[in-house]
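Colleague: I am new to this structure and would like a close look at one part of it. Please take the contact between the chains, and then go on to whatever helps to place it.

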Amino acid sequence: MISELSKAIAALDLPADWLGLRAVKDTSSTYAVRDGKPETNGKSLTQGVMVEVLVNGQLGYGATNSLKLESLQAAAKTAYQQALTASQWSIHPTTVAERPKVVGQYSSPFLKPLQSLTAGEINEVLVKLCQTLKVSDQIVQTSAAAHIREIETWFVSSNGSEVYQKFLTLATDYAATAQAGPVVQRRSHNGWLAHCHQGGMELFLTPELWAEVKQVGEQAVELLSAEECPTTATTLVLDPDQMLLQIHESVGHPLELDRILGDERNYAGGSFVKPKDFGELVYGSPLMNITFDPTVPGEFSSYSFDDTGVPATREYVIRDGVLERGLGSLESQARLGLPGVACARATSWNRPAIDRMANLNLEPGNASFEEMIGNIEHGVYMQSNRSWSIDDQRHKFQFGCEYAKLIENGQLTKTLRNPNYRGTTPQFWRSLSQLGDRSTWKLYGSPVCGKGEPNQTIWVGHAAPVCAFTNIEVFGGGA
Amino acid sequence: MTSSISSSVISPRSSAELTALESSFAQVVEALLRQAESGEFLTVKLSSERSQFIRFNQAKVRQIGNVADGSLKLTLIRDQRTSYRSFPLTGDLEVDLQQAQLALADLRQEVSQLPIDPYLVIPAGTSTSHDVHLGQLLAPEAVTSTVLPIVAELDFAGLYAAGLLVRGYADSSGQKHWFATDSFALDYSLFGTGGEAVKGTLAGSTWDTEAYKTQIEESKAQLQLLSTPPKQLSRGQYRTYFAPAAIAELVGMLSWGGISEAALQQGNSALKELRRGQKRLSPRFTLKENFQHGLVPRFNEWGETAPIELPLIVAGELVNTLVSDRTAKEYGLAANGASGSEGLRSPEISAGGLAREQILAALDTGLYVSNLHYLNWSDRPTGRITGMTRYACFWVENGEIVAPIENLRFDESLYRFWGENLIDCTNFQEFVPEVGTYGGRQLGGCWVPGMLVEGFTYTL
């Protein structure tokens, strides 16, 4: 493909300052079973080429699902005309330096190829998972789903870039719904599609899977007779499967430079973070160390180059609680004059790259889980996201979880249902009081982060330890 | 059998593209259906677009481009088992036919491995339809010079998306549907120096520069109202007027664990208590699916045609839910043309008695909420929704706008705001277009009034 794209670039006859072709071939398989019966089986292929043309300091794009040379030429011509038309209205004089020459490749690590299990074998496992989830007659619904994806990307440019990357991913979701009279409770395997990683089919049948899934069913039943989460201000302990959402919404999105620049204001919103805050803002307590790290093996959003060809490196975004850099591409960095990261990413061939978090992780501390709980006189420990909402400046948030435990005198005691909490971003992160050690640090993520105009859904990875926050407003369900 | 042809002014470019696309679809479908073996059922679904996208910020161009996309979804049913393959429809017949053959062969190999599906929907009937709505859009090269000079002095951000959208369907039982529309949507926000903002949307099939100018003037006037310092409100319950755009956000929640029959049967619906008669909604609340507007296709993924109107909640009572053929099979019910996801496709909430000029007086003292943002169920079984106010929202005292407000979080049950606390709906509806572009430009929108609600709960 690289040579075909290079030939296409050579054949394109346009007076452009720069040309880039990014081809994507994305094959995704979806398998879903409910109550042991098939719901969805199928495979989707999307492929096409994004042609970018730089003229008069303005980029234009043309995207086509046809790989024929004449289609690429037509797309390039459209892109050129669009760029030319827009150049007098350009928001930023783009230079070729924002598309540096790079050559290299990347491949997800894996042990067993994605094709090592057939559709029939995958369905057999999903049916068995539903059976395992149904631990009681009070379980009224079980579901199991697997999303398996192979994405290949090729990027070539008129200044000599040649990049090939291949991503193998698996995301799973297993859940049980329990009912007793009017009470309905749903429990899942760490939250909706939170189990998502890069790798092969070794991720599907892990040694601990069956015990974890049985526990999901048992906890759904346990929640039926649990007390409502109390309404109070207390110490909140969050499991890494909820920290993934907390990091994503209240650190990732507000630090995207395109939000700070205002590009995103009409859709998802802006940010409470201002350009002057970089290097100054005390974002959280001194325990807070956040890294942008696309180099973690097996994490969902690892890569070697972003979608504009910029090499990806691990960078501190927040160090010892202080904001250091934003999540912004070379274009956004040039527009703001601030440091960023290699994060220009596109959901597919048919969308232009925008600023995106990739793997955004909270680094671990030194306390064991037992030590953390042992230090808390009164608190609530919550697991697995079930509800999320945050304002357009990423300031006021409210999140809900599936499962919680009361903490009393250094012990986990009663199970609590319908646990929710709310707060404001800096206040919340400045209340971070305890940080779990490496043994509590877990990798999760999401395949469905939405952003951009036109809209794009992209995959993100988040790793975190167990965390404790003091004096947080928690509450339960009921109208 | 249904059949209709409608067209407005046809742009030559769209017409040619459409003819080529319909020809490609027909040829691939014909080749596939010819190969259906005894005991096999095939369905073919098309989704395609030729779109121009321009993203704006600060009344400048942030990104500009075009996307030519299209995909076919081929479903094979055999021996009570099913699977699908989705692949590109490029318009290159040789390439497309090769992909189609590969997909069919792959499906035949896979389907026999799969478990039996007891709720399988087998295509039936011979209905056909052909709806084409072509319009007069701005020439792609004319958009920036038409849109931007009018807002050059403003902090204008948003997206212009325009072009041809096509949905097609064919199956081995003989059903065939075609829906094509030329359309545009300009979804924008104007910002003041303090970050305050108003939102506007212009959508349709024919661009009207004068209408655009008028709307921008109205948005500027609204922005002026926001220039005073915002009032900080403490948490609590406030009488609130929700403008139609805010109501559209709330209606959208019903497509996510609301009006779906499957969600109700499986204990996942927020309307469970309404179904059981344990809770009631206001007699002033009436919701229906209304396909009279013609902006979305009436056919679903099984080629079934939805009724032109389907009442769902009438005067506060749940009279129908959205029942797909698959759900109907599982629970022994009658299907009503719903899609597989059982979401609203063309919702309409009935108007009430509140006149536009009476809104502020009827509100008296409370909140005027123009829009809502980032909604989610905070407790689905009790119908509780959380979210944020956004854009031009005001504090009103004695029927007069006093000041804009700082954005507030709400957490409230639909059984309260569409139930006992619903004071009235406006006597007019507004069309709120669907401007989403995930996976491609979306179709349609909803028709909703504004609503006046007592004691709405704000939490942060």
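Modeller: What follows starts with the contact between the chains and then turns to salt bridges, domains and one residue. Please keep in mind that this is a predicted model.

The contact between the two chains involves 87 residues of chain A and 88 residues of chain B. Together the chains bury about 7100 Å², and carbon and sulfur atoms give 45% of that area. On the side of chain A, the three residues that supply more than any other three are A:W89, A:R265 and A:N266, with 12% of the area that chain A buries against chain B.

Polar pairing can be counted here as well. Between chain A and chain B there are 58 residue pairs in polar contact, both residues being at pLDDT 80 or more. Strand β2 (residues 37-55) of chain A gives the largest share of the side of chain A that touches chain B, namely 10 residues. Sorted by class, that side of chain A has 25 nonpolar, 41 polar and 21 charged residues.

The charged residues lead on to salt bridges. Side chains of opposite charge can pair when their charged atoms come close. Between chain A and chain B the count is 11 salt bridges, while a search of the whole structure finds 52 over all chains. One that crosses between the chains joins A:R34 to B:E330, with the closest N and O atoms 2.6 Å apart.

Other salt bridges stay within a chain. In chain B, the side chains of B:K288 and B:E309 meet at 3.2 Å, N to O. B:K288 belongs to strand β9 (residues 287-290) of chain B and B:E309 to strand β10 (residues 309-314) of chain B, so this pair ties together parts that are 21 residues apart in sequence. B:E309 counts as partly exposed, because its relative accessibility is 34%. There is also a network: salt bridges that share partners join A:E52, A:R99, A:D263, A:E331, A:R335 and B:R62.

Chain A has a salt bridge between A:E222 and A:K405, whose side chains meet at 3.7 Å, N to O. A:E222 lies in helix α4 (residues 209-224) of chain A, whereas A:K405 lies in strand β18 (residues 396-408) of chain A, so the pair ties together parts that are 183 residues apart in sequence. The two ends fall into separate classes of accessibility. A:E222 is partly exposed because its relative accessible area is 27%, and A:K405 is buried because its value is 19%, the limit for buried being under 20%.

A further pair in chain A is A:E70 with A:K68, a salt bridge of 3.2 Å, N to O. Here A:E70 is partly exposed, at 47% relative accessibility, and A:K68 is partly exposed too, at 33%.

Chain B also has a contact inside itself, between its domains. Chain B is divided into domain 1 (7-225) and domain 2 (229-458). Taken over C-alpha atoms, the centres of these two domains of chain B are 26 Å apart. Domain 1 of chain B brings 37 residues to the contact and domain 2 of chain B brings 30. Between them the two domains bury about 2500 Å², with 64% of it on carbon and sulfur atoms. B:Y119, B:V121 and B:F179 supply 26% of the area that domain 1 of chain B buries against domain 2 of chain B, more than any other three residues.

The count of salt bridges between these two domains of chain B is 1. B:D117 forms a salt bridge with B:R326, and their closest N and O atoms are 2.9 Å apart. Across the same interface there are 11 residue pairs in polar contact, both residues at pLDDT 80 or more. Several elements of chain B each supply at least two residues of the domain 1 side, among them β1 (40-57), β5 (155-171) and α4 (209-225). The residues of that side of domain 1 of chain B divide into 17 nonpolar, 13 polar and 7 charged.

Last, a single residue of chain A. A:A194 sits in the loop between β7 (183-188) and β8 (195-198) of chain A. A:A194 counts as buried because its relative accessibility is 3%. Leaving out residues up to four places away in sequence, A:A194 touches A:T172, A:L244, A:Y444 and A:G445. A:T172 is 22 residues from A:A194 in sequence, and the C-alpha atoms of the two are 7.5 Å apart in space.

How values were computed
Residues are numbered from 1 along each chain as its sequence is written. Chains are lettered from A and ligands numbered from 1 in the order in which they are written. This is a predicted model: local features need pLDDT of at least 70, side-chain atom pairs count only at pLDDT 80 or more; totals for chains, interfaces and linings use all residues. Side-chain values use heavy atoms; hydrogens and water are left out. Helices (H or I, at least four residues) and strands (E, at least two) are DSSP runs, numbered from the N terminus. Buried means under 20% relative accessible area, exposed over 50%, partly exposed in between (1.4 Å probe, protein chains only). Contact means heavy atoms within 4.5 Å. Domain bounds come from an automatic or database domain assignment. Buried area is the accessible area (1.4 Å probe) that two parts lose on being put together, summed over both. A salt bridge is a side-chain nitrogen of Lys or Arg within 4 Å of a carboxyl oxygen of Asp or Glu. A polar contact is a pair of N or O atoms within 3.5 Å; within protein, one must be able to donate a hydrogen and the other to accept it, and residues adjacent in sequence count only if both atoms are side-chain atoms. Ala, Val, Leu, Ile, Met, Phe, Trp, Tyr, Cys and Pro count as nonpolar, Asp, Glu, Lys and Arg as charged, and the others, Gly among them, as polar.
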